[in-house]
Amino acid sequence: MAGLMVSGTQVSYVGQSCREIPEHLGRDFGHFAKRLDLSFNLLRSLEGLSAFRSLEELILDNNLLGDDLVLPGLPHLHTLTLNKNQITDLEYLLDHLAEVTPSLEYLSLLGNVACPNELVNLEKDEEDYKRYRCFVLHKLPKLKFLDAQKVTRQEREEALVRGAFMKVVKPKQKLSNLYR
């Protein structure tokens with residue numbers, strides 16, 4: 001099992017090009033793992049994650065996870081990173097996370113279309129990112145960190161007042177294409 005590393009309650013299965021969570025991971029380590037790192041794989045589904053009921057940290061960076069992402073109920077999960085995946089539907093994801101991860105305090109979505117970061121997409125600017133943060137904090141008010149940045153008291157207050165109105169909705173096609 002090259003590539004598998006287990007240290008205490010931490011399980012790492014990084015860079016294995018797996019398309020799904022191997023059954024043996026859940027069977028062998030699901031009952032005690034508190035931290036699971038499945039970064040740099042080819043995951044499109046999280047089927048099999050339900051074996052990891054005690055997870056507190058879940059690292060899923062650099063996979064192929066998209067808008068059909070389904071997490072099982074993970075009541076103890078406080079840290080989730082989904083950087084550099086294929087997530088575009090922010091509202092669906094946040095509603096799902098609010099339902100299945102009630103203890104979530106740290107979330108990172110950098111490198112996804114759903115996270116309008118000007119470093120990844122030149123069409124986005126700082127105002128887009130501020131609106132995104134406000135909307136995320138409206139949907140997940142218990143977050144303490146978002147995209148590796150501490151949530152400020154000012155952001156939290158703004159999310160309470162205006163967060164529901166901060167959903168960034170952009171047309172799917174350019175306006176110039178509508179008049180052809």
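**Figure 1. Lys144 and Glu105 pair across the sequence in this predicted model.**
Lys144 is partly exposed, at 44% relative accessibility. Its side chain meets that of Glu105 in a salt bridge, with an N to O distance of 3.5 Å. Lys144 sits in the loop between α3 and β7 (145-146), and Glu105 sits in the loop between α2 and β6, so the pair ties together parts 39 residues apart in sequence. Glu105 is partly exposed as well, with a relative accessible area of 31%. That value falls between the 20% limit for buried and the 50% limit for exposed, which means an intermediate class. The general principle is simple: side chains of opposite charge can pair when their charged atoms come close. In the whole structure, a search finds 10 salt bridges.

**Figure 2. Helix α3 carries a salt bridge between Glu127 and Lys130.**
The closest N and O atoms of Glu127 and Lys130 are 3.7 Å apart. How far apart are the two residues in helix α3? They are three residues apart, so about one helical turn separates them. Glu127 is partly exposed, with a relative accessible area of 43%. Lys130 is partly exposed too, at 44%.

**Figure 3. Arg131 and Asp128 form a further salt bridge within α3.**
Here the closest N and O atoms lie 2.4 Å apart. Both residues belong to helix α3. Their spacing is three residues, about one turn of the helix. Is Asp128 buried or exposed? Asp128 counts as buried, at 3% relative accessibility. Arg131, in contrast, is partly exposed, with a relative accessible area of 29%. Elsewhere, salt bridges that share partners join Glu91, Asp95 and Lys139 into one network.

**Figure 4. Asn63 is a buried loop residue with polar contacts to backbone oxygens.**
Asn63 lies in the loop between β4 (57-59) and β5 (79-81). Its relative accessibility is 4%, under the 20% limit, so Asn63 counts as buried. Which backbone oxygen lies 3.0 Å from a polar atom of the Asn63 side chain? That oxygen belongs to Leu38. The Asn63 side chain also reaches the backbone oxygen of Asp61, at 3.3 Å. Residues up to four places away in sequence are set aside for the contact list. On that basis, Asn63 touches Leu38, Ser39, Phe40, Asn41, Leu42 and Leu43. Lys84 and Asn85 are also among the residues that Asn63 touches.

**Figure 5. Ser108 is buried in strand β6 and contacts Asn83 through its side chain.**
Strand β6 covers residues 106-108 and includes Ser108. The relative accessible area of Ser108 is 2%, so this residue is buried by the 20% limit. Its side chain makes a polar contact of 2.7 Å with the side chain of Asn83. Beyond neighbours within four places in sequence, Ser108 is in contact with Leu80, Thr81, Leu82 and Asn83, among others. Asp147 and Ala148 are also in contact with Ser108.

**Figure 6. Leu80 sits in the largest nonpolar core.**
How many residues does the largest nonpolar core hold? It holds 46 residues. Leu49, Leu58, Leu80 and Leu107 touch the most other members. β2 (10-13), α1 (23-29), α2 (90-100) and α3 (126-139) each supply at least two residues of this core. The largest share, six residues, comes from α3. Neighbours of Leu80 within four places in sequence are left aside for its contacts. The remaining partners of Leu80 include Leu58, Leu60, Leu71, Leu97, Leu104 and Leu107. Tyr106 and Ser108 are also in contact with Leu80.

**Figure 7. The whole chain gives the context for the close-ups.**
The chain has five helices and eight strands. From the N terminus on, the elements run β-β-α-β-β-β-α-β-α-β-β-α-α. Of the 180 residues, 42% count as buried. About 10,300 Å² is exposed by the chain, and carbon and sulfur atoms supply 52% of that area. How are contacts spread along the sequence? Among contacts between residues at least 6 apart in sequence, 46% join residues at least 24 apart.

Note on methods
Residues numbered from 1 in each chain as written. Predicted model: local features only at pLDDT ≥ 70, side-chain atom pairs only at ≥ 80, totals over all residues. Heavy atoms only, no water. Helix = DSSP H or I, 4+ residues; strand = E, 2+ residues; numbered from the N terminus. Buried < 20%, exposed > 50% of the residue type's maximum accessible area, 1.4 Å probe, protein only. Contact = heavy atoms within 4.5 Å. Areas by Shrake-Rupley, 256 points an atom, 1.4 Å probe, with all protein chains shown as cover. Polar contact = N/O pair within 3.5 Å; in protein donor to acceptor, adjacent residues only side chain to side chain. Core = buried A, V, L, I, M, F, W, Y, C linked by side-chain atoms within 4.5 Å. Salt bridge = Lys/Arg side-chain N within 4 Å of Asp/Glu carboxyl O.
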